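This briefing sets out pockets, cysteines, nonpolar cores and selected residues for a reader working at the bench. Please consult the sequence and the structure shown here alongside the points that follow.

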Amino acid sequence: MQVYSIDGITPVVDPTAFVHPTAVLIGDVIIGPRCYIGPNACLRGDFGRLVIKAGANVQDTCVMHGFPGTDTVVEEDGHIGHGAVLHGCHIGKNALVGMNAVVMDNAKIGEASIVAACAFVKADFDCPPRSLLAGTPAKVMRELSDKEINWKSKGTKEYQNLAVRSLQTMEKVEALTEVEADRKRIEIPDVKPLYEVKQQKD
């Protein structure tokens with residue numbers, strides 16, 4: 001990982017967290033246990049504090065930043081999808097921020113809520129628990145079902161497993177020049193997109 005102190009403040013990473021070597025951590029960043037920080041994520045704690053609590057994930061190319069004197073927080077089991085931007089906001093426990101969404105200053109995403117991909121959450125927005133937020137600017141569309149929340153929780157658990165898998169087996173190697181005849185696949189049979197889960201009968 002690429003870790004930089006600034007003004008004498010150094011990032012903190014729990015030993016059970018996985019931070020990809022291409023991720024950048026600067027200054028006042030605190031990463032808790034069992035977290036996953038993906039490739040090319042940028043966590044810039046050079047103004048405000050960034051806190052990623054136990055079991056949360058911040059995926060590839062995400063950006064976290066905030067104004068001086070603020071905390072940008074991802075609570076326990078928070079799930080931040082590819083390319084999302086969090087600026088001075090608070091993401092509640094077990095909430096999901098979708099791919100390429102933006103959550104602005106002092107916005108609060110309630111526990112077990114989902115911010116849809118590409119949504120823009122305005123500053124000071126207060127999202128109730130178990131809500132689906134979508135749009136630009138984002139609005140509460142409806143309450144989430146138990147099936148949707150369970151799907152989200154299972155996905156986060158797989159990222160916690162990915163942190164373990166990455167710590168145990170990821171290594172930098174040279175690429176092969178040919179595909180092996182018996183090339184293995186990565187098998188994770190329980191991970192499915194939400195639209196497939198919704199099609200399944202209870």
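**Pockets**

The second largest pocket is lined by Arg 165, Thr 169, Met 170, Glu 180, Arg 183, Lys 184, Arg 185 and Ile 186. The model is a predicted one, and every value below is computed from it.

*Second largest pocket*

- The volume of the second largest pocket is about 320 Å³.
- Its lining comprises five charged residues, two nonpolar residues and one polar residue.

*Largest pocket*

- The largest pocket encloses about 870 Å³ of space.
- It is lined by 37 residues, and those closest to its centre are His 79, Leu 96, Trp 151, Lys 192 and Pro 193.
- Two or more lining residues come from each of the strands β13 (96-97) and β16 (114-115) and from each of the helices α1 (146-169) and α2 (194-199).
- Helix α1 makes the greatest contribution to this lining, with 11 residues.
- By residue class, the lining of the largest pocket consists of 19 nonpolar, 10 charged and eight polar residues.

**Cysteines**

- The structure contains zero disulfides.
- Cys 89 takes part in no disulfide, and the nearest cysteine sulfur, which belongs to Cys 62, is 11 Å away.
- Cys 89 is also buried, at a relative accessible area of 1%.
- Why is Cys 118 without a bond to the closest cysteine sulfur? The closest such sulfur is in Cys 62, at 13 Å from the sulfur of Cys 118, and this is too far for a bond, because a disulfide requires the two sulfur atoms to lie within 2.5 Å.

**Nonpolar cores**

- The largest nonpolar core has 34 residues, of which Ile 31, Leu 43 and Ile 91 touch the most other members.
- Strands β4 (24-31) and β6 (42-52) each provide at least two residues of this core.
- Another core lies apart from the largest one; it has six residues, including Leu 96, Ala 112, Ile 114 and Leu 144.
- When neighbours within four places in sequence are left aside, the contacts of Ile 91 are Val 73, Val 74, Glu 75, Ile 80, Leu 86, Val 97, Val 103 and Ile 109.

**Phe 18**

- Phe 18 belongs to strand β3 (residues 18-19).
- The residue is buried, with a relative accessible area of 7%.
- Not counting residues up to four places away in sequence, Phe 18 touches Cys 35, Tyr 36, Ile 37, Ala 163, Ser 166, Leu 167 and Met 170.
- Among these partners, Leu 167 is separated from Phe 18 by 149 residues in sequence, whereas the C-alpha atoms of the two are 6.2 Å apart in space.
- Met 170, a further contact of Phe 18, is also one of the residues lining the second largest pocket.

**Pro 68**

- Pro 68 is located in the loop between β8 (63-65) and β9 (71-74).
- Is Pro 68 buried or exposed? Pro 68 counts as exposed, because its relative accessibility is 58% and the cut-off for an exposed residue is over 50%.
- Outside the residues up to four places away in sequence, Pro 68 touches Phe 47 and Gly 48.
- Arg 49 lies 19 residues from Pro 68 along the chain, and the C-alpha atoms of the two are separated by 8.0 Å.

Notes
Residues numbered from 1 in each chain as written. Predicted model: local features only at pLDDT ≥ 70, side-chain atom pairs only at ≥ 80, totals over all residues. Heavy atoms only, no water. 1 Å grid on protein atoms, 1.4 Å probe; cavity = no way out; pocket = protein on both sides within 12 Å on 5 of 7 lines; lining within 4 Å. Points joined across faces, edges and corners; volume = space filled by probe spheres on them. Helix = DSSP H or I, 4+ residues; strand = E, 2+ residues; numbered from the N terminus. Nonpolar A, V, L, I, M, F, W, Y, C, P; charged D, E, K, R; others polar. Buried < 20%, exposed > 50% of the residue type's maximum accessible area, 1.4 Å probe, protein only. Core = buried A, V, L, I, M, F, W, Y, C linked by side-chain atoms within 4.5 Å. Contact = heavy atoms within 4.5 Å.
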